[in-house]
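This report describes a protein model, beginning with one residue and its surroundings. Salt bridges, cysteines and a helix pair follow, and overall figures come last.

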Amino acid sequence: MLSGSKTSFKIQQHAPGPALRGPKSSDMNSKRNRNGQAFPCIPGEHVLEEAARVRKIVRSRDGEGSILGTLYCTNLRVAFVPEPAPGDTAPRRSTCLHCEHDVALPCIGRLVAVNSCKAKVLTASSTLKFNPEELVLYCRDFRVLRFRFRDSGSEPRAFQVTLAIVQAQESSSGSAGMWYDSGAIRNLENAWLSTEESSSPPTLLFERPCDWEKELRRLGAAGWRVSPVNERFDMATSLPKYLWVPSRLLDNELKRAFGHFNARRIPRLCWHHPGGSDLLRAAGFHADSDPEKEDVRSVEALMLAGHAQCVIVETAADLPSPAEIQLSYLKLRALCLPDSSVADEKWLSALEGTRWLEHVRACVRKACEVAALLAERSRSIILQESDDRDLNCLLASLVQVLSDPHARTQSGFQSLLQKEWVVAGHPFLQRLNLLRDNDREESPVFLLFLDCVWQLLQQFPASFEFTETYLVALHDSSYIPFFSTFLFNCQWERDRRNQHRASNQIYAPVNGWREPPPLEILQKGGRLVKERGGPYLPTIWDWALRYTPQQRAQFRNPAYARGSGGSTTVPNGKSAPLGGDKLEAAPSGNGAMYLFAKGALSPQTHLFPWKNGSLSKKGWRRAQSSESLSEQDRSLRRKPSGCPLQPEELLLPTSVGPLIRLWRRCYLRGSQEVQRGLFASTLGELAEELARLRERLGD
């Protein structure tokens, strides 16, 4: 709670109790909303404090300006509503879960109160002894929001609204999202759906077997099937309900393999290359397990997946660890904020010192290497990481963006994120630390992936259906706790929370099995809709809840050309057309195993760490020598294999030199020199964006 006098306050840690000033009632909010005089709340949201005639400071290359409006503090966010322009009779939007003038409470990284004499950073233990003339919000998504109370007639309310923001931010810690009434949220969404969006391909959420079946048919992976072996999360709680496994492997045989991998995360298919290769991902081998002969056969069948050659890619060998990513990200954020103490002449060297661009280069380079391995010949390639929940998500997704044109469309990209990140068990809640309760586990692995995709968009601007604006919106969405997509660590946790909210019960074991959650889900117009009136937490992909049709139109790339280009840019900068003579079939035998690390393939005769499970003991074909393997690899690179389906759309970008650049529009939004919102708001800014796009297309 907060304690203090009229001129000072201090936050005290006590047991929960009534707030210093209670929220306005929902009836009051509804009445004021209808009259257009109050902030339109989300269902379940209430206003704590407000200050009218506040000026939001807007800085650009042309100087400093301001927007007059009302500043609100609610139990979920800080929001600013501009006053309508004189003569503007357009109706105000009824509600919006997020806009560029808002910031969710967990997204506030630092709150600073300023007057003519000093600036005070406000924390849970702060004492404020002056009325703020200006309030500065440093957001975790790199935005900097400045609100000025001086000379606007709002000074008497400045202290109260500042107090309320600090209190609300403290109260929001540990709160896992906002659950809405499904009927109210769906009505809001339907009111803003455009005909164009409703006719676009739906995003596959991979929560039902039909989504997995549909994607498997699209890939043309005839030797694979959808297995419900983990439908009740009995095998592994961090894995999705359904897995792609070899068709010839029965579920009873499949169950033998789970216990021999860390966290029981077995190898399973991510993507099938049209040339025949398969991309799999798995956790590291469980060194303390003691498999029987049948268990090892099941593991071998999973890893080879019907191929004569299997390549294990050590994901962590060339990529930064989550701890290194977090350290680099903190340095980058400190450097990009407007109050950075780094001199201009030392800024570029300080940027390299953060190692962020170095990490981006490493990820792009390794993804290119794996994509080339997939295209060279028919083989099984397994991405192996100790826990299979961080760098495997990044690398598997990036390889598919490079290799599959469908992943470069908006619906395909969103389906990819659902499959390889959301249901695959990336611990979003820990890595993004939305609840601000576990700094040790925080690491923006997902944001590093978005940066890598932005680099590809810069090098291949006509190959992506979506734009930089879309990527920035997705980046910012990761810090909004109003949606289920990035709010949980795995599908099991998400489903358990859904069931708890729906029936006030958690999974109850019945004869050793967990009953699936009773979710009444109806299919309406290609969209998943919960039964009206039940608890509902929308997904990030419900863009209509946050952006108008005009804003969503800026997500679409007007220069997008499906099937553009007829060659592949290889890392050395030369152009090599694909579709040459097809490689001869792989040699017959039980299978050969190779390890790919540090950019090189090496044969393996002993791979498994188990006492009774090595390649040589289990009848594997004797691996080639490193010399003959090198000769074969050079031959493959001289004569790339032909792909039957659009091989010209494989992207292999340059990952060295100045082509890997800082994502200025995302990271430098708080800078006075380049500050701009998510969407271009003036004709001049639109013309500037169009000129930049034409410049990139002309390169």
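## Arg140 and its surroundings

In this predicted model, Arg140 touches Pro106, Cys107, Ile108, Gly109, Tyr329, Arg333, Leu432, Asn433, Leu434, Arg436, Glu442 and Tyr479, leaving aside residues up to four places away in sequence. Arg140 itself sits in the loop that runs between strand S10 (134-139) and strand S11 (144-148). With a relative accessible area of 2%, Arg140 is buried. One of the residues it touches is Glu442, and the side chains of Arg140 and Glu442 are joined by a polar contact of 3.0 Å.

## Salt bridges

The two strands that flank the Arg140 loop are also linked to each other by a charged pair. Arg148 forms a salt bridge with Glu134, with 3.3 Å between the closest N and O atoms. Arg148 belongs to strand S11 and Glu134 to strand S10, so the pair ties together parts that are 14 residues apart in sequence. Both of these residues are buried.

In total, the structure holds 29 salt bridges. Three of them are listed here.

| Basic residue | Acidic residue | Closest N to O |
|---|---|---|
| Arg157 | Glu49 | 2.4 Å |
| Arg148 | Glu134 | 3.3 Å |
| Lys419 | Glu420 | 2.6 Å |

Arg157 and Glu49 form a salt bridge that links distant parts of the chain: Arg157 is in helix H2 (residues 155-172) and Glu49 is in strand S3 (residues 47-60), 108 residues apart. Arg157 is partly exposed, at 29% relative accessibility, whereas Glu49 is buried, with a relative accessible area of 4%.

Lys419 and Glu420 meet through their side chains, and both are buried. They are also members of a network of salt bridges that links Arg265, Arg268, Arg281, Asp388, Lys419 and Glu420.

## Cysteines

How many disulfides does the structure hold? The count is 0. Cys270 is in no disulfide, and the nearest cysteine sulfur, that of Cys393, is 8.9 Å away. A disulfide requires the two sulfur atoms to be within 2.5 Å, so a pair at 8.9 Å does not qualify. Cys270 is buried, with a relative accessible area of 2%.

Cys336 is likewise in no disulfide; for this residue the nearest cysteine sulfur belongs to Cys666 and is 9.0 Å away. At 4% relative accessibility, Cys336 is buried.

## Packing of helices H12 and H14

Helix H12 (residues 410-422) packs against helix H14 (residues 445-459) at an angle of about 145°, and their axes are 14 Å apart. The crossing of H12 and H14 is right-handed. On the H12 side the contact is made by Phe413, Leu417 and Trp421. On the H14 side, Val445, Phe446, Phe449, Leu450 and Val453 make the contact.

## The protein overall

The protein has 20 helices and 27 strands. It consists of 699 residues, of which 55% count as buried. Among contacts in the protein with a separation of 6 or more, 71% are between residues 24 or more positions apart. The salt bridge between Arg157 and Glu49, with its separation of 108 residues, is an individual example of a link between distant parts of the chain.

Note on methods. Residues numbered from 1 in each chain as written. Predicted model: local features only at pLDDT ≥ 70, side-chain atom pairs only at ≥ 80, totals over all residues. Heavy atoms only, no water. Helix = DSSP H or I, 4+ residues; strand = E, 2+ residues; numbered from the N terminus. Buried < 20%, exposed > 50% of the residue type's maximum accessible area, 1.4 Å probe, protein only. Polar contact = N/O pair within 3.5 Å; in protein donor to acceptor, adjacent residues only side chain to side chain. Contact = heavy atoms within 4.5 Å. Salt bridge = Lys/Arg side-chain N within 4 Å of Asp/Glu carboxyl O. Axes fitted to C-alpha atoms, helices over the stretch in contact; angles between N-to-C directions. Left-handed = near helix turned anticlockwise from the far one by under 90°.
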